[in-house]
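Student: I would like to go through this chain one question at a time. Please start with the terms and then turn to the fold.

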Amino acid sequence: MKLTVVGCSGSFPGPESAASCYLLEHDGYAMLLDLGNGAIGPLANYINIDDINAVLLSHLHIDHCADIGPLYVSRRYHPAGMRDRIPVLGPEGIEARIINLYGCGDGPEPLHSVIDFVEFSATPLEFGPFSVEAQLVVHPVSAYALRVTAGGRTLVYSGDTAPCDELVQISRGADLALFEASYLEKNDNPPLLHLTGADAAKAATQAGVQRLVLTHLVPWNDLDEVKADAAEFFHGDLIMARPGLTLTGIRVVPSEARQGPIRIHRSGRLDLGLQRPRRSHSTGRDRGQERHFAPPDRCRPIALRWSG
């Protein structure tokens, strides 16, 4: 499995990075984790955007989903003809949110002409070589941490979250933690929104993760301070995300048996049989860099199989 950081700016695009977007590739499949504002342009540096097989949105704040609109335009109005429908997965209300954001209303060419919106539910998601598990975390809107396994490697993406046990549980034994680090420890930060570098480091350490990539880096923060906050509590391989950073060979601990996957066929037909997860209470380029970065036992997963 190969991870490429397309955008890692937190909350809004910065002068050196688009907002959140991460490209995962394995065995001929390509999947995006989030597609925030400003990301679809630089995405084309790493892949033909027609070759994206699926998009997973951790939550529906603009800095994580805004460029679904441009993705729609690229697929609906391509000069060679309309492209195949692509599954876009996210929290409850995803279709209405993206339609409202794009502004197409109920016009003659709605987004679902080229996008298949699917709401997260419980049980693992599988498509192509990827298995995806999602877990509700703590944020003002429904937000999910995403655990992705392929080719014997596992990464966990925090999305946006405040410190919570759910993030630790879904990250246990993963090869790589891709965790947000929006805040600095020294500041009086709002509660129940985001992680500091120290929070991310503590969660990764508790989960037994050996490699931590800090992302969602807000442009007004000093990145050296973000890293220093994390380094106090994490003693593994600590990496700062930057556009173009590529990590390959992301080892996996086998999951317990999964049940009832969603199957989304290339024909667009959906086979569903799922239950919802419980809500929790509780810049620079470095393309050539390679590092060697597995499933929650107790978190409720979600899943999709792309077959056909």
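Tutor: The model is a predicted one. A residue is called buried when its relative accessible area is under 20%, and exposed when that area is over 50%.

Student: What percentage of the residues in the chain is buried?

Tutor: The cut-off for a buried residue is under 20% relative accessible area. The chain has 308 residues. The buried share of them is 56%.

Student: Which atoms supply 48% of the area the chain exposes?

Tutor: The chain exposes about 12,200 Å². The 48% in question comes from carbon and sulfur atoms.

Student: How many helices and strands are there in the chain, and what is the order of strands in the open sheet?

Tutor: The chain has 7 helices and 17 strands. The open sheet takes 7 strands, and its pairing is mixed. The order is E6-E5-E4-E3-E2-E1-E14.

Student: Which are the edge strands, and what is the average twist from one strand to the next?

Tutor: An edge strand here pairs on one side only, and this holds for strand E6, residues 115-119, and strand E14, residues 246-248. From one strand to the next, the twist averages 20°.

Student: Which helix packs on the sheet, and what angle does its direction make with that of E6?

Tutor: The helix is H4, residues 94-102. H4 touches E6 and also strand E5, residues 86-90. The direction of H4 and that of E6 make an angle of about 135°.

Student: Strand E1 pairs with E14 and with E2; which residues stand opposite Leu 3 and Lys 2?

Tutor: E1 covers residues 2-7, and 5 of its 6 residues are buried. Its pairing with E14 is antiparallel over 3 bridges, and its pairing with E2 is antiparallel over 5 bridges. The bridge partner of Leu 3 in E14 is Leu 247. Opposite Lys 2, in E2, stands Glu 25.

Student: How many bridges join E2 to E3, and which residue of E3 does His 26 stand opposite?

Tutor: E2 spans residues 21-26 and E3 spans residues 29-35; they run antiparallel, joined by 6 bridges. The residue opposite His 26 is Tyr 29.

Student: Where is Asp 27 found, and is Asp 27 buried or exposed?

Tutor: Asp 27 has a positive phi, near 55°, and is not a glycine. Most residues other than glycine have a negative phi. Asp 27 lies in the loop between E2 and E3. Because its relative accessibility is 62%, Asp 27 counts as exposed.

Student: His 216 also has a positive phi; is His 216 buried or exposed?

Tutor: The phi of His 216 is about 55°, although His 216 is not a glycine. The residue sits in the loop between E12 and H7. Its relative accessibility is 1%, so His 216 counts as buried.

Student: Why is helix H6 called largely enclosed by the rest of the structure, and which elements cover its buried residues?

Tutor: H6 runs over residues 197-207, and it is largely enclosed because 8 of its 11 residues are buried. Among the buried ones are Gly 197, Asp 199 and Ala 207. Just after H6, Gly 208 takes a positive phi of about 80°. The cover over the buried residues of H6 includes H5 (165-171), E11 (176-180), E12 (211-215) and H7 (223-231).

Student: What is the handedness of the crossover from E11 through H6 to E12?

Tutor: E11 and E12 run parallel and are joined by 4 bridges, with Ala 177 partnered by Leu 212 in E12. In E12, 4 of the 5 residues are buried. The β-α-β crossover from E11 through H6 to E12 is right-handed.

Student: What is the handedness of the crossover from E12 through H7 to E13?

Tutor: E12 and E13, residues 237-240, run parallel over 4 bridges. The bridge partner of Leu 214 in E13 is Met 240. The β-α-β crossover from E12 through H7 to E13 is right-handed.

Student: How many disulfides are counted?

Tutor: A disulfide is counted when a pair of cysteine sulfur atoms lies within 2.5 Å. Cys 8 is buried at a relative accessible area of 0%, and Cys 164 counts as buried at 10%. The count of disulfides is 0.

How values were computed
Residues are numbered from 1 along each chain as its sequence is written. This is a predicted model: local features need pLDDT of at least 70, side-chain atom pairs count only at pLDDT 80 or more; totals for chains, interfaces and linings use all residues. Side-chain values use heavy atoms; hydrogens and water are left out. Buried means under 20% relative accessible area, exposed over 50%, partly exposed in between (1.4 Å probe, protein chains only). Helices (H or I, at least four residues) and strands (E, at least two) are DSSP runs, numbered from the N terminus. Accessible areas come from the Shrake-Rupley method with a 1.4 Å probe; for residues, only the protein chains shown count as cover. Two strands pair if DSSP finds at least two bridges between them. Axes are lines fitted to C-alpha atoms, for helices over the stretch in contact, and angles run from 0 to 180 degrees between N-to-C directions. Contact means heavy atoms within 4.5 Å. A crossover is right-handed if, with the strands pointing away from the viewer, the path from the first strand over the helix to the second runs clockwise.
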